[in-house]
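I opened a new page today to look through one protein model from end to end. Here are my notes, in the order I took them.

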Amino acid sequence: MPHIKVKSFNTSSLDTLIRDNDKFEFRALVEHSDDELLGVRYEDEEFLLEIKKRGDEYLIKPDTVSRPLDVNKIKKMLAYLIIEAKLEVLHSNIALSPYKPPLAKDANKKIKDFETPKFTRDKVAIEVGFGSGRHLMYQAKNNPDILYIGIEIHTPSAQQVLKQIELQGIENIWIVNYDARLLLEMMPSNSCIQIYVHFPVPWDKKPHRRVISKRFLEESLRVLDIDGELELRTDSDNYYEYALETFSAHPKISFAVEKNLDLAVISKYEDRWRAQEKDIYTVTVCSRLLSEQVDREYDFSFKAQVSKLVELPKEPIVKKDFFIHFERRYNLIGSDSAIIKCAFGSFDKPEHKYLYFKDQGFSYYPQNPVKTEPNYHAHQHIGEIVYG
Ligand SMILES: C[S@@+](CC[C@H](N)C(=O)[O-])C[C@H]1O[C@@H](n2cnc3c(N)ncnc32)[C@H](O)[C@@H]1O
């Protein structure tokens, strides 16, 4: 991850930049610590830089919740900060490589692009956890009339595939770096012809982290158009049996099972399992019914009273279908407001965001959460705490 180490400096000198330069938005201090946050904006990205005192040096790096996928934007912002704040650099890894291709800009999508999505093809397919992207790119190149939405939680995989899309000039892929279990809930009903889940992590010891679940199946059936298919491929006997159990428990679906199918494209994981002569199961669920559109007009805006921010509960709040954990509070310099690191939402698919309190209101930083019921219930509860 791009970072710089600089000679000790007076961080209050950044306040002039915040006042005069629109790339710098705010500075916030954590209580009982030297750690600081600097809110910055580079082109269309808003993110936080952490400033950590280490003896006579400062380490400055992006925080993991808000950092953009495009590493070059982080590097350019750090380089800009060095010049504008006149920092003395001791070490850095922010040189831009002329050999590394940029990320495909138009393919790089965020949650807000799914609020009222404008798909660029009439037909849409989804691949969950595309890893190296071999299957995703093969499908996109061979079916130019279909838009492929690849959802991958692992940031380096999403970055790599965005580079490949740029290099190969592929125009019918969208990439989203998010938890697919959450993002699926933003998709319109009956909008997809196919959902691929190939070689999901088996999570034998933490089954609640599995992609396939009763809820995921229901959401897939809602998102799939009539005759659309959910295709699971796995080499794991455990996962195969678990999937059969989950699918069989649904009263309205039928599914087909095939063993050791030969496909035109073999994913990186499949290659590995084939070399070990493992059995590979393909389970295909077909959607037979039209689903109603879901009305998720959740409003994630808020009012807040600054006085309430002082008394935020330290322990996680656990309710039946959601939780809230205010993890860390940073006080904004030059105002009595705050930015609070928070985890919330459903227990097995939590959201991690900052709550940015400003001008008697607050917003999620760097962007709103996914519109799911647990997120909205958590949001309403946060509202009660911060406004009363
Ligand atoms: C075992 S790899 C398989 C990759 C690829 N499908 C293949 O066959 O080569 C599983 C992939 O799923 C991704 N993944 C796991 N949980 C996910 C989730 N909830 N949402 C999106 N991607 C997820 C992982 O990051 C990983 O890249």
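The entries below go from the whole chain to single residues.

**Entry 1: the whole chain**

I noted at the top of the page that this is a predicted model. I then looked up the secondary structure and found 10 helices and 20 strands in the protein chain. For the outer dimensions, I read off a C-alpha trace spanning about 65 × 55 × 40 Å along its principal axes.

Next I checked the radius of gyration. A compact globule of 388 residues would have a value near 21 Å, and the protein chain has 23 Å, so the two agree. I also looked up burial: 38% of the 388 residues count as buried. Among contacts with a separation of 6 or more, 68% are between residues 24 or more positions apart.

**Entry 2: helix 7**

I picked helix 7, residues 237-248, for a closer look. Its 12 residues should span 16 Å at 1.5 Å a residue, and the end C-alpha atoms are indeed 16 Å apart, which agrees.

Which residues of helix 7 are buried? I listed Tyr239, Tyr240, Ala243 and Phe247. Looking down the helix axis, I found these buried residues within an arc of 100 degrees, so they line one face of helix 7. I reminded myself that an α-helix has 3.6 residues a turn, so residues three or four places apart point the same way.

On the other side of helix 7, the exposed residues are Asp237, Asn238, Glu241, Glu245 and Ser248. I also asked what the buried residues of helix 7 pack against. The partners are helix 6 (214-223) and three strands: strand 12 (224-234), strand 13 (255-259) and strand 14 (281-286).

**Entry 3: around the ligand**

I turned to the ligand and found 22 residues around it. Those that come nearest are Gly129, Gly131, His154, Ala180 and Ser267. Helix 5 (180-183) and helix 8 (268-275) are the elements that give two or more residues to the shell. Helix 8 gives the most, with three residues.

How many of the shell residues are nonpolar, polar and charged? I wrote down 10 nonpolar, seven polar and five charged.

**Entry 4: backbone oddities**

Before this search I noted the usual case: most residues other than glycine have a negative phi, and most peptide bonds are trans.

I found a cis peptide bond between Tyr365 and Pro366, with omega about 5 degrees. Pro366 sits in the loop between strand 20 (361-365) and helix 10 (373-387).

Asn190 has a positive phi, near 55 degrees, and is not a glycine. I located Asn190 in the loop between helix 5 and strand 11 (192-198). Asn190 counts as partly exposed because it has 18 C-beta neighbours inside 10 Å, and the cut-off for buried is 20 or more.

Asp227 also has a positive phi, about 70 degrees, without being a glycine. Asp227 belongs to strand 12, one of the elements I had met as a partner of helix 7. Is Asp227 buried or exposed? I have it down as exposed, because it has 9 C-beta neighbours inside 10 Å.

**Entry 5: one distance along strand 15**

My last stop was Lys303 in strand 15 (residues 302-303). Lys303 is exposed, with 11 other C-beta atoms within 10 Å. I looked up its distance to Phe362, which is 59 residues apart from Lys303 along the chain: the C-alpha atoms are separated by 6.3 Å.

Note on methods
Residues numbered from 1 in each chain as written. Predicted model: local features only at pLDDT ≥ 70, side-chain atom pairs only at ≥ 80, totals over all residues. Helix = DSSP H or I, 4+ residues; strand = E, 2+ residues; numbered from the N terminus. Rg over C-alpha atoms; globule rule 2.2 N^0.38 Å. Buried ≥ 20, exposed ≤ 12 C-beta atoms within 10 Å, placed from the backbone. Contact = placed C-beta atoms within 7 Å. Expected span 1.5 Å × (residues − 1). Arc of directions from axis to C-beta. Near = placed C-beta within 6 Å. Nonpolar A, V, L, I, M, F, W, Y, C, P; charged D, E, K, R; others polar.
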